[in-house]
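Dear colleague,

Please find the structure below, handed over for your own inspection. My notes on it follow.

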Amino acid sequence: MRRLDRSELLVGAATGLNWAAPDSQREHWLRTAEVDLETGLGGAPARGVAWLRLAAVRQMLGGSSPKVVGPLLMSIETA
């Protein structure tokens with residue numbers, strides 16, 4: 001499975017299974033999704049939705065920070 005596709009599944013599981021998965025598992029899924037997105041976007045940088053997903057994952061992991069701004073702007077540029 002391609003990394004960008006897997007990241008979509010992981011983020012969906014982490015945000016949609018709040019009742020079924022412990023916080024540690026959801027954080028693990030989000031960190032794995034972040035790595036998948038960074039790697040996948042290296043090979044397909046024109047995917048605006050993936051940039052937005054990376055910004056959202058970083059927001060969920062660390063709150064508002066400069067690490068969120070770059071991917072958010074790239075999502076706008078590539079949309």
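**Salt bridges and helix packing**

Glu34 and Lys67 form a salt bridge in which the closest N and O atoms are 4.0 Å apart. Because Glu34 belongs to helix H2 and Lys67 to helix H4, this pair ties together parts that are 33 residues apart in sequence. Glu34 is buried, its relative accessible area being 10%. Please bear in mind that the model is predicted.

A salt bridge also joins the side chains of Arg58 and Glu38, at 2.7 Å from N to O. Here again distant parts of the chain are linked, with Arg58 in helix H3 and Glu38 in helix H2, 20 residues apart. Arg58 counts as buried because its relative accessibility is 15%, under the 20% cut-off. Glu38 is partly exposed, with a relative accessible area of 38%. These two pairs do not stand alone: Glu34, Glu38, Arg58 and Lys67 are linked in a network of salt bridges.

The structure holds nine salt bridges. One of them brings together the side chains of Asp36 and Arg3, at 2.9 Å from N to O. The two residues are 33 apart in the chain, Asp36 lying in helix H2 and Arg3 in helix H1. Asp36 counts as buried, at 1% relative accessibility, whereas Arg3, at 36%, counts as partly exposed.

Turning to the helices, H1 has 14 residues and reaches 19 Å from its first C-alpha to its last, close to the expected 20 Å. Its buried residues are Leu4, Ser7, Leu10, Val11, Ala13 and Ala14, and they pack against H2 (23-43) and H3. Several of these positions recur at intervals of three or four; as background, an α-helix has 3.6 residues a turn, so residues three or four places apart point the same way.H3 has 15 residues and spans 21 Å between its first and last C-alpha, close to the 21 Å expected. The buried residues of H3 are Gly48, Ala50, Trp51, Arg53, Leu54, Ala55, Val57 and Arg58. They pack against H1, H2 and helix H4 (66-78). Gly63 follows H3 and has a positive phi, near 75 degrees.

As to confidence, the mean pLDDT of the protein is 92, and 97% of its residues reach 70 or more. Among the elements, H1 (residues 3-16) has the lowest mean pLDDT, at 91, and H3 (residues 48-62) the highest, at 96.

With kind regards

How values were computed:
Residues are numbered from 1 along each chain as its sequence is written. This is a predicted model: local features need pLDDT of at least 70, side-chain atom pairs count only at pLDDT 80 or more; totals for chains, interfaces and linings use all residues. Side-chain values use heavy atoms; hydrogens and water are left out. pLDDT is the predictor's confidence in each residue, from 0 to 100. Helices (H or I, at least four residues) and strands (E, at least two) are DSSP runs, numbered from the N terminus. The expected span of a helix is 1.5 Å times one less than its number of residues. Buried means under 20% relative accessible area, exposed over 50%, partly exposed in between (1.4 Å probe, protein chains only). Contact means heavy atoms within 4.5 Å.
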